[in-house]
Amino acid sequence: MDILTAALLGIVEGITEFIPVSSTGHLILAGELLGFHGAQSTTFDIVIQLGAILAVVVLYWRRFTDVGLGLLRGDARAVAFTRNVALGFLPALVIGALAYKAIKAMLEFPVLVAVALIVGGVAILIIERLVKPAPQGTIEGIPWRTALGVGFAQCLAMIPGVSRSGATIMGALSLGIDRKTAAEYSFFLAIPVMVAASAKELWEARKAVEVIQWSAIGIGFVVSFVVALAVVKAFIGIVSQFGFAPFAWYRIIVGTAALVWLLNK
């Protein structure tokens, strides 16, 4: 794998990880376009997502510090925040462990990604139209049953092309959470989900990692981190002003173009 391919895929990951367009789906399609696919690309794609996740940790470091100190003091808000992140992560942990082989097998089918992009775009438009705006809340204020429901919605993203952030945010909106809180909740849920997925993938594909080389993974990691820093900052503002419809139309256009291309290769 050359440096340019690693950097380009890092850019794709950094841009798409936190917006509802499916980072995994875009990495699969980009890899297909660049001629980088198979078991090695699957490992690379999953691991470089940690770079984007690190961007959230850096941008929200004060929030994490406050929660950590609050837990030591037994602060109710810190406990509620931690509980809701844990509950949102739990379904993905259980279902991901049970269905690991089936999930990984789906990553080998780029046509599935294209179809999921289109279907997901239509779903976002429907949810945006049907769901009434909710008053602004906080992650700490999410009821535990709602947090668990968002966690189950997130599991839809195990289908490549669905989008983890998209499934999480749309699930949250459908359950009565406002846009800003839904987006931030999605950011925080990404951390345990992607850390667990990357750890599992690295353990299962140790030989593949050696073939890809740590240098390529390192380049993709750093590039995705830098790009994600800018995207996370901009995303909340875009969503607050324009909603999610622009991302839905983007999904439909890209998914349709990818489907036509893949079926005529």
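**Surface patch.** I looked first for nonpolar side chains on the outside of this predicted model, and found that Leu4, Leu8, Ile11, Ile15, Leu33, Leu34 and Trp261 form a nonpolar surface patch whose accessible area together is about 620 Å². Two elements, α1 (3–16) and α2 (23–34), each give two or more residues to this patch, and α1 gives the most, with 4 residues. I then checked Ile11, which lies in helix α1; its relative accessibility is 34%, and because buried means under 20% and exposed over 50%, I entered Ile11 as partly exposed.

**Helix α4.** I compared the span of helix α4 (residues 61–73) with expectation: at 1.5 Å a residue its 13 residues should span 18 Å, and its end C-alpha atoms are indeed 18 Å apart, so the two agree. Just after α4, I noted that Gly74 takes a positive phi of about 75 degrees.

**Interior.** I turned next to the largest nonpolar core, which has 49 residues, and listed Phe18, Val56, Ile169, Phe187, Phe235 and Phe244 as the members that touch the most others. Among the elements giving two or more residues to this core are α3 (39–59), α7 (110–130), α12 (214–242) and α13 (245–263), while the largest share, 10 residues, comes from α10. I followed Phe187 individually and, leaving aside neighbours within four places in sequence, found Phe187 in contact with Phe18, Val56, Tyr60, Val232, Phe235 and Ile236. I also recorded a second, separate core of 10 residues, which includes Leu9, Phe36, Ala216 and Ile217.

Conventions. Residues are numbered from 1 along each chain as its sequence is written. This is a predicted model: local features need pLDDT of at least 70, side-chain atom pairs count only at pLDDT 80 or more; totals for chains, interfaces and linings use all residues. Side-chain values use heavy atoms; hydrogens and water are left out. Patches are made of residues with over 30% relative accessible area and no salt bridge: like charges are joined within 9 Å, nonpolar side chains (Val, Leu, Ile, Met, Phe, Trp, Tyr) within 5 Å. Accessible areas come from the Shrake-Rupley method with a 1.4 Å probe; for residues, only the protein chains shown count as cover. A salt bridge is a side-chain nitrogen of Lys or Arg within 4 Å of a carboxyl oxygen of Asp or Glu. Buried means under 20% relative accessible area, exposed over 50%, partly exposed in between (1.4 Å probe, protein chains only). The expected span of a helix is 1.5 Å times one less than its number of residues. A nonpolar core is a set of buried Ala, Val, Leu, Ile, Met, Phe, Trp, Tyr and Cys residues joined through side-chain atoms within 4.5 Å. Contact means heavy atoms within 4.5 Å.
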